[in-house]
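Here are some notes for a colleague who is opening this structure for the first time. Please read each point with the sequence and the coordinates side by side.

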Amino acid sequence: THYTIVPREDDARWKDIPMERAEDEADVLIVGAGPAGLSAAIRLKQLAQDAAKEIRVCVVEKAQELGGHILSGAVLEPRSLNELIPDWKEKGAPFTLPSLKTQWDF
């Protein structure tokens, strides 16, 4: 039953369950830490830094790890990453084995 119909304080199922909620403030909230969400967060911070402004960007993700539902450890095309973070290799990104060829088997 939705809490608007039976409020949690009146619902026996929630009697011994603490319902404390966390609260936070941000200038921008991005839902999803896949490639698009992380790219958006990084680019927003870069633009703010270029404009000498401080903004708080929060990324929320339902998986245990950032991008856990989309980033599988598969092949990554680095062009966008090169544009977004040109020195990603020097910063120690965990991409260590380049793909040297593509092969399709049917």
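Is arginine 56 buried, partly exposed or exposed, and what is its relative accessible area?

1. The model is a predicted one, and the question above is a convenient way into it. Arginine 56 is partly exposed, its relative accessible area being 39%. This residue forms a salt bridge with aspartate 24, in which the closest N and O atoms are 2.7 Å apart. The pair links distant parts of the chain, since arginine 56 lies in the loop between helix H1 (35-50) and strand E2 (57-60), while aspartate 24 lies in the segment before strand E1 (28-31), 32 residues apart. Aspartate 24 counts as exposed, with 56% relative accessibility.

2. The structure holds five salt bridges, and two others deserve a look beside the one just described. Aspartate 11 pairs with arginine 13, with 2.5 Å between the closest N and O atoms. Aspartate 11 counts as buried, because its relative accessibility is 10% and the cut-off for buried is under 20%. Arginine 13, by contrast, is exposed, with a relative accessible area of 53%.

3. Another salt bridge joins lysine 91 to aspartate 87, where the closest N and O atoms are 3.7 Å apart. Lysine 91 is exposed at a relative accessible area of 60%, whereas aspartate 87 counts as partly exposed at 32% relative accessibility. As a general matter, side chains of opposite charge can pair when their charged atoms come close.

4. Turning to the interior, the largest nonpolar core consists of five residues, namely Ile30, Ala41, Ala48, Ile55 and Val57. In soluble globular proteins, nonpolar side chains tend to be buried together. Isoleucine 30 is a useful residue to select here: leaving aside residues up to four places away in sequence, isoleucine 30 touches Gly37, Ala40, Ala41, Leu44, Val57, Cys58, Val59 and Val60. Among these contacts are Ala41 and Val57, which also belong to the largest nonpolar core.

5. A last point concerns the backbone at alanine 52, which is placed in the loop between H1 and E2. The phi of alanine 52 is near 55 degrees, a positive value in a residue other than glycine. Most residues other than glycine have a negative phi. Alanine 52 counts as exposed, with 73% relative accessibility. Arginine 56, with which these notes began, is in the loop between H1 and E2 as well.

Technical notes: Residues numbered from 1 in each chain as written. Predicted model: local features only at pLDDT ≥ 70, side-chain atom pairs only at ≥ 80, totals over all residues. Heavy atoms only, no water. Core = buried A, V, L, I, M, F, W, Y, C linked by side-chain atoms within 4.5 Å. Buried < 20%, exposed > 50% of the residue type's maximum accessible area, 1.4 Å probe, protein only. Contact = heavy atoms within 4.5 Å. Salt bridge = Lys/Arg side-chain N within 4 Å of Asp/Glu carboxyl O. Helix = DSSP H or I, 4+ residues; strand = E, 2+ residues; numbered from the N terminus.
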